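The report below describes a single predicted model, moving from its strands to the surroundings of its ligand and then to some backbone details.

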Amino acid sequence: MSSELIVLHHPSGSTVDILPYGATVVSWKTAGQERLFVSKDAIRDGSKPVRGGIPIVFPWFGAASQPQLPQHGFARSSVWSYAPVKDGDVSVTLTLEPTELIQSLYKPSTPPPFHLSLVVTLGEFDLSTELQVRNTSASESFEFQGLFHNYIRAPVDQIRVSPLGYLTYFDKTVLTEDKQPTPRIHDQDEVQVKKFTDSVYENAAKVKEGAQGPQDGWHGKVTWPGGSISVDSANLKDIVVWNPYAELGDMKGEQWRDFVCCEPGHVRGFVKIAPGETWAGSQKLTVGNAQ
Ligand SMILES: O=P(O)(O)OC[C@H]1O[C@@H](O)[C@H](O)[C@@H](O)[C@@H]1O
């Protein structure tokens, strides 16, 4: 994989770096500080999704229905196209269609009929990502899941994520007899991550005051002593909170201490779009005051 990087600079000094591999945001700095976590051991040779930043999960979340297909889909491990950015640009659009690699994964069947666009936009204190999915088929509908796998740089044992109270969530760390995540109800507004956590909060968007239903966004926050990042999503009804509390092959030692994944997505059930239809889901991450 080439080490090509798309870099956007905001007049305020904030920056974002995006790898065409996976359209992965691998750095976001405001006020000179890195806001995302990327493992020191992240693989950057194109053989594995990057451990950190903002990988794009599409068109399924978790394990695939066919064994040869990768966990969390192929978008995070495909090379996306983009038009070169010019000085002063604070936004870039990356696109992905079924590449030869994706087609080879599906053989002898064919990949789904999609055209993806990811629009990344940088502000002084915020970063927005919007995923647009167009069904390119003339006759077939298309069902998919999608998620922004945000690795937010923060001391995991001190963070609080809210509002997530009184929602049903699916605890993937404890499986039921039929190997499904255990459904639970969270009885407090805030969630702390003090141990291995892998929770899928369904219809979290309903928590928003005045929200009309699960199609609205989740307006939440990750806070810790001395810092916070707000997460405002649109058309993404679920939230995943994850930290392994353990080292991984591409994240050695105690690096897990330095992040929490707070991931807006549509991962319980599927989005279904008709031939020619386009769907969009987005998020805005904003750094709290005085950081
Ligand atoms: O190791 P991966 O494929 O990047 O996935 C990391 C984690 O991603 C989370 O979104 C999932 O809920 C977890 O189950 C998973 O372990």
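## Strands, sites and backbone details

Strand β1 (residues 6–9) and strand β2 (residues 15–19) run antiparallel and are joined by four bridges, with His9 standing opposite Thr15 in β2. The hairpin of β1 and β2 has five residues between the strands, and within this hairpin Gly13 takes a positive phi near 105°. Strand β2 also pairs in the antiparallel sense with strand β3 (residues 24–30), here over five bridges, and Val16 stands opposite Trp28 in β3. Between β2 and β3 the hairpin has four residues, and Gly22 in the turn has a positive phi of about 80°.

Another part of the fold is an open sheet of nine strands with antiparallel pairing, in the order β6-β7-β8-β9-β21-β18-β17-β12-β15. Because β6 (81–82) and β15 (191–192) stand at its edges with a single partner strand each, one side of each is left without a neighbour in the sheet. Within the order, strand β18 (residues 227–234) and strand β21 (residues 278–287) are paired antiparallel over six bridges, and the bridge partner of Ala234 in β21 is Ser282.

### The ligand and the annotated residues

Which residues surround the ligand? They are Gln71, His72, His149, Lys172, Asp198, Val240, Trp242 and Glu263, and this shell divides into two nonpolar, three polar and three charged residues. Two residues of the shell, His149 and Glu263, are also covered by the annotation "active site" in the unreviewed UniProt entry. Although they are spread over 115 residues of sequence, they cluster in space, with a largest C-alpha distance of 4.9 Å.

His149 has its place in the loop between β10 (142–148) and β11 (151–153), whereas Glu263 lies in strand β20 (residues 259–273). His149 is buried, because 24 other C-beta atoms lie within 10 Å, and Glu263 likewise counts as buried, with 26 C-beta neighbours inside 10 Å. When neighbours within four places in sequence are left aside, His149 is in contact with Ile54, Pro55, Val57, Cys261 and Glu263. On the same basis, the contacts of Glu263 are Leu147, Phe148, His149, Asn150, Ile239, Val240 and Trp242, among them Val240 and Trp242 from the shell around the ligand.

The unreviewed UniProt entry further lists Arg51, Gln71 and Arg76 under "binding site". These residues are spread over 26 residues of sequence yet cluster in space, the largest C-alpha distance being 13.4 Å. Gln71 is found in the loop between β5 and β6, and Arg76 lies in the loop between β5 and β6 as well. Gln71 counts as partly exposed, with 13 C-beta neighbours inside 10 Å, whereas Arg76 is buried, with 22 other C-beta atoms within 10 Å. Leaving aside neighbours within four places in sequence, Gln71 is in contact with Gly62, Ala63 and Ala64, while Arg76 is in contact with Gly22, Thr24, Pro49, Pro55, Ile56 and Val57. Gly22 belongs to the turn between β2 and β3, and Pro55 and Val57 are also contacts of His149.

The burial of four annotated residues is set out below.

| Residue | C-beta neighbours within 10 Å | Class |
|---|---|---|
| His149 | 24 C-beta atoms | buried |
| Glu263 | 26 C-beta atoms | buried |
| Gln71 | 13 C-beta atoms | partly exposed |
| Arg76 | 22 C-beta atoms | buried |

### Backbone details

Most residues other than glycine have a negative phi, and most peptide bonds are trans. Against that background, the peptide bond from Phe58 to Pro59 is cis, with omega near 0°, and Pro59 has its place in the loop between β5 (56–57) and β6. The peptide bond from Lys107 to Pro108 is also cis, with omega near 10°, and Pro108 is in the loop between α1 (100–106) and β8 (114–122).

Lys179 is not a glycine, yet its phi is positive at about 65°; this residue is in the loop between β13 (168–175) and β14 (181–185). Asn235, in the loop between β18 and β19 (238–243), is likewise a residue other than glycine with a positive phi, near 65°. Are these two residues buried or exposed? Lys179 is exposed, since 6 other C-beta atoms lie within 10 Å, whereas Asn235 counts as buried because it has 20 C-beta neighbours inside 10 Å.

How values were computed:
Residues numbered from 1 in each chain as written. Predicted model: local features only at pLDDT ≥ 70, side-chain atom pairs only at ≥ 80, totals over all residues. Pairing = 2+ DSSP bridges. Helix = DSSP H or I, 4+ residues; strand = E, 2+ residues; numbered from the N terminus. Near = placed C-beta within 6 Å. Nonpolar A, V, L, I, M, F, W, Y, C, P; charged D, E, K, R; others polar. UniProt positions renumbered as here; feature names shortened; annotations may be inferred. Buried ≥ 20, exposed ≤ 12 C-beta atoms within 10 Å, placed from the backbone. Contact = placed C-beta atoms within 7 Å.
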